[in-house]
Amino acid sequence: MSARGRVLQARGAVFERLQQRAPDQAAALRRIWRRQPRLPLEPSFRRYGMGHGTAVDRVYIERFLATNAADVRGDVLEILDDTYTQRFGGDAVTTAHVLDLDPTNDRATVRADLETGDGVPEQAYDCFICTQVISITYDHRAVLATAARALRPGGVLLLTVPGISHQAEPDGERYPDHWRFTWRAIDRLLREAFGDDAEINVYAEGTVAACAAFLYGMPAEVLPRAALDPHDPDYEMVICGRVVKPAL
Ligand SMILES: C[S@@+](CC[C@H](N)C(=O)[O-])C[C@H]1O[C@@H](n2cnc3c(N)ncnc32)[C@H](O)[C@@H]1O
């Protein structure tokens with residue numbers, strides 16, 4: 001029997017028992033069920049729908065970076081590759097630095113560990129674009145402390161983290177996924193790492209439709225714009241944080 005068949009069979013059995021015990025309740029439940037959308041039991045695509053269009057979380061991540069594009073200048077540090085540095089910084093970037101722990105990443109110019117801080121230069125960067133990284137490190141407090149040390153006074157951290165998302169990689173070989181966050185946690189973690197004198201702005205993005213589409217791996221291109229905005233505070237899909245490290 002198919003997965004949907006099994007669900008329908010189990011639901012039918014529950015309903016029959018309720019019908020015998022409490023017919024009024026059963027009738028009310030039937031009315032509610034009829035109004036519910038039929039949710040697919042499998043995602044449209046796995047791995048965020050990558051390869052089929054833009055992953056929904058990237059719409060929010062890239063909007064945050066576009067809003068703060070003026071910060072992407074001078075010596076810019078990014079993790080994995082320099083895609084966002086080039087796209088949002090352009091000519092304002094003096095040097096694009098790419099940091100990665102992964103020894104097989106040949107785009108990396110800095111081989112270092114953000115968690116231990118080993119190999120990460122101090123006060124070396126004007127901007128650190130740190131998108132979707134700290135959830136795959138266990139000690140995110142240590143990573144944020146490293147970020148604070150790596151920036152020059154007046155430098156800017158542009159951070160995004162997942163709030164609602166599926167597992168990054170179930171076997172965790174490349175990306176051992178550890179955490180999900182809320183805006184409140186990120187706000188507090190950033191204040192701990194950068195101190196009270198830092199300028200810190202944190203907000204979340206997401207709606208129930210955007211979260212559902214993202215979990216089903218539906219690409220952003222198939223969603224109506226109204227599904228993405230305005231933000232519904234009950235559904236934090238992506239948390240965005242901008243920090244200006246205090247000048248000396
Ligand atoms: C999921 S990718 C995200 C990168 C990219 N910024 C993005 O927006 O998709 C995470 C990257 O962080 C690197 N990484 C994980 N733990 C790290 C650590 N402790 N130090 C440095 N890099 C790390 C991984 O090797 C990988 O390149």
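## Report on a predicted chain with its ligand

In this predicted model, Gln132 counts as partly exposed, because 19 other C-beta atoms lie within 10 Å of its own, and a residue is called buried from 20 such atoms upward. Gln132 sits in the loop that runs between strand E4 (125-131) and H5, and its phi is positive, at about 55°, although the residue is not a glycine.

**The chain as a whole**

The chain is built from seven helices and seven strands, and, read from the N terminus, these elements follow one another in the order α-α-α-β-α-β-β-β-α-β-α-β-α-β. Taken along the principal axes, the box filled by the C-alpha atoms of the chain is roughly 75 × 40 × 35 Å. Of its 248 residues, 33% count as buried. Among the contacts with a separation of 6 or more, 66% are between residues that stand 24 or more positions apart.

**Two helix pairs**

Two packed helices are described by the angle between their axes and by the distance between those axes. The table gives both values for two pairs in this chain.

| Helix pair | Angle between axes | Distance between axes |
|---|---|---|
| H1 (residues 3-21) and H2 | about 140° | 6 Å |
| H5 (residues 140-150) and H6 (residues 183-194) | about 50° | 9 Å |

At about 140°, helices H1 and H2 are oblique to each other, because an angle has to be over 145 degrees to count as roughly antiparallel. On the side of H1 the contact is made by Phe15, Leu18 and Gln19, and on the side of H2 by Pro23, Gln25, Ala26 and Leu29. Sorted by class, this contact of H1 with H2 holds five nonpolar and two polar residues, and no charged residues.

Helices H5 and H6 are likewise oblique to each other, and H5 passes H6 in a right-handed crossing. From H5, the residues His140, Arg141, Leu144, Ala145, Ala147 and Ala148 take part, and they meet Leu189, Leu190, Glu192, Ala193 and Phe194 of H6. The classes here are eight nonpolar residues, one polar residue and two charged residues.

**Around the ligand**

Which residues come nearest to the ligand? Of the 15 residues around it, these are Leu80, Leu101, Asp102, Leu114 and Thr131. By class, the shell around the ligand has eight nonpolar, three polar and four charged residues.

Thr131 is also one of the residues in contact with Ile61, together with Thr160 and Val238, when the neighbours of Ile61 within four places in sequence are left aside. Ile61 belongs to helix H3 and counts as buried, because it has 22 C-beta neighbours inside 10 Å. From Ile61 to Ala198 the C-alpha distance is 22 Å, and the two residues are 137 residues apart in sequence.

**Backbone details and the loops that hold them**

Most residues other than glycine have a negative phi, and most peptide bonds are trans. Besides Gln132, with its positive phi of about 55°, Tyr48 also has a positive phi, near 60°, and is a residue other than glycine. Tyr48 is placed in the loop between H2 and H3, and it is buried, since 22 other C-beta atoms lie within 10 Å.

Arg46 is found in the loop between helix H2 (23-35) and helix H3 (56-67). Is Arg46 buried or partly exposed? With 13 C-beta neighbours inside 10 Å, Arg46 counts as partly exposed. The C-alpha atoms of Arg46 and Arg152 are separated by 39 Å, and these residues are 106 residues apart along the chain.

A cis peptide bond, with omega about -5°, joins Asp229 and Pro230. Pro230 lies in the loop between helix H7 (208-215) and strand E7 (238-244).

**Gly206**

Gly206 has its place in the loop between strand E6 (199-205) and H7, and it is buried, because 24 other C-beta atoms are within 10 Å. With the neighbours of Gly206 within four places in sequence left aside, its contacts are Gly163, Ile164, Cys211, His231, Asp232, Tyr235, Glu236, Met237 and Val238. Val238 also appears among the contacts of Ile61. Between the C-alpha atoms of Gly206 and Pro219, which are 13 residues apart along the chain, the separation is 15 Å.

Definitions and conventions:
Residues numbered from 1 in each chain as written. Predicted model: local features only at pLDDT ≥ 70, side-chain atom pairs only at ≥ 80, totals over all residues. Helix = DSSP H or I, 4+ residues; strand = E, 2+ residues; numbered from the N terminus. Buried ≥ 20, exposed ≤ 12 C-beta atoms within 10 Å, placed from the backbone. Contact = placed C-beta atoms within 7 Å. Axes fitted to C-alpha atoms, helices over the stretch in contact; angles between N-to-C directions. Parallel < 35°, antiparallel > 145°, perpendicular 65-115°, else oblique. Left-handed = near helix turned anticlockwise from the far one by under 90°. Nonpolar A, V, L, I, M, F, W, Y, C, P; charged D, E, K, R; others polar. Near = placed C-beta within 6 Å.
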